[in-house]
Amino acid sequence: MTKEPASAQTPSDQGSTVPAKLDQEFESLFASEFAFVCRTLERLGVREADVHDVAQELFLAVYRAMPDWDRSRALKPWLFGFAVRFASNYRRLGWHRGRALDEEMPVQSPRMHDKLAAKRSVMRALETLDFDKRIALVMHDMEEFTAKEISEHLGISSNTVSSRVRLARDAFRAAIGKEEGSAP
C-alpha cells in the first residue's frame with residue numbers, strides 16, 4: 001500500500017490521532033469563521049491577493065492548537081491572536097514587497113466603484129499606523145471587541161488599550177484627511 005503525498009492528506013491524516021469530533025468541530029469553525037479571519041488579515045496588512053493563502057496557513061495552525069484550546073474563552077479573540085501573529089510574520093518577512101499591487105478590476109457600477117474606492121482609502125490609512133495601534137483600532141472599531149476583551153487578549157492594561165485606540169483614531173483621521181486633500 002502506498003502512502004498519499006503529504007499535500008493530499010488532511011491535517012488529521014498527517015500522523016495525528018485526533019478524534020473525528022475534533023475534525024467536525026474544526027470544519028464548523030472553519031466554515032463559520034473563515035470570512036472573519038480573511039477580513040482581519042487584510043485589515044492587519046496582508047494584501048488582498050495573499051489573504052486566502054495566509055488564512056489557509058493560519059487555519060492549519062488553529063487545527064493543530066485545537067486540542068489545547070480553552071473553550072471557556074471567546075473564540076474570536078483567540079482567532080484574532082492567530083491573525084495578529086500571521087499578519088505580523090507576513091509583514092516582517094516582506095515576501096510581498098516589490099510585487100505588483102492588487103490589480104483593479106474594471107467596475108461597471110458607480111456604486112461598487114465608490115465602495116471599492118472607500119475600502120482602498122481605509123486600507124491605505126490603516127497602513128500608515130504603527131502595528132500595535134493598528135491592532136487596537138481594528139479590534140475595537142472594526143471588529144467591535146470591548147476594551148476589556150482587548151486588554152485581556154493582548155495582556156495590556158485597559159488604559160493602554162484606550163490610549164492606543166485614541167492615538168490610532170487620530171492618526172487614521174489624519175491619513176484620511178491627507179488623502180482627501182490630495183484627491184483631484
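Helix H1 bends by about 55° at Glu 33, and this briefing, which concerns a predicted model, starts from that helix before turning to the rest of the chain. The protein chain holds seven helices and zero strands, so that, in the order α-α-α-α-α-α-α, its elements run from the N terminus on. Of its 184 residues, 36% count as buried.

**The chain as a whole**

- Among the contacts in the protein chain with a separation of 6 or more, 70% are accounted for by residues 24 or more positions apart.
- The accessible surface of the protein chain comes to about 11,700 Å², and carbon and sulfur atoms make up 53% of that surface.

**Helix H1 and its end**

- Helix H1 covers residues 20-43, and its 24 residues, at 1.5 Å a residue, should span 34 Å, which agrees with the 33 Å that separates its end C-alpha atoms.
- Just after H1 comes Gly 45, which takes a positive phi of about 110°.
- Glu 42 also lies in helix H1, where it counts as buried because its relative accessibility is 14%, a value below the 20% under which a residue is called buried.
- Once the neighbours within four places in sequence are left aside, Glu 42 is in contact with Glu 48, Val 51, Lys 119, Met 123 and Arg 134.

**Aromatic rings around Phe 26**

- A search of the whole structure finds nine aromatic pairs, and one of them joins Phe 26 and Phe 30, whose ring centres are 6.1 Å apart and whose planes stand at 40°, so this pair is classed as tilted.
- Both Phe 26 and Phe 30 lie in helix H1, where four residues, or about one turn of the helix, separate them.
- The two residues are covered to differing degrees, since Phe 26 counts as buried at 12% relative accessibility, whereas Phe 30 counts as partly exposed at 27%.
- Phe 26 forms an aromatic pair with Tyr 63 as well, and this pair is edge-to-face, with 4.9 Å from centre to centre and 85° between the planes.
- The pair of Phe 26 and Tyr 63 links distant parts of the chain, for Phe 26 is in helix H1 while Tyr 63 is in helix H2 (residues 51-65), with their positions 37 residues apart in sequence.
- Both partners of this edge-to-face pair, Phe 26 and Tyr 63, are buried.
- Ring pairs also build a wider group, in which Phe 26, Phe 30, Phe 34, Phe 59 and Tyr 63 are linked into a cluster.

**Charged side chains over rings**

- Lys 76 lies over the face of Phe 36, at 4.9 Å from the centre of that ring.
- Arg 85 lies over the face of Phe 82, in this case at 4.8 Å from the ring centre.

**A loop residue with positive phi**

- Glu 144 is found in the loop that runs between helix H5 (131-142) and helix H6 (147-154).
- Although Glu 144 is not a glycine, this residue has a positive phi of about 60°.
- Glu 144 counts as exposed because its relative accessibility is 67%, a value above the 50% over which a residue is called exposed.

Notes. Residues are numbered from 1 along each chain as its sequence is written. This is a predicted model: local features need pLDDT of at least 70, side-chain atom pairs count only at pLDDT 80 or more; totals for chains, interfaces and linings use all residues. Side-chain values use heavy atoms; hydrogens and water are left out. Helices (H or I, at least four residues) and strands (E, at least two) are DSSP runs, numbered from the N terminus. Buried means under 20% relative accessible area, exposed over 50%, partly exposed in between (1.4 Å probe, protein chains only). Contact means heavy atoms within 4.5 Å. Accessible areas come from the Shrake-Rupley method with a 1.4 Å probe; for residues, only the protein chains shown count as cover. Rings of Phe, Tyr and Trp (its six-membered ring) pair if their centres lie within 6.5 Å; planes under 30 degrees apart count as stacked, over 60 as edge-to-face and the rest as tilted. A charge sits over a ring if NZ of Lys or CZ of Arg is within 6 Å of the ring centre and within 35 degrees of the ring normal. The expected span of a helix is 1.5 Å times one less than its number of residues. The bend at a residue is the angle between axes fitted to the seven residues ending there and the seven starting there.
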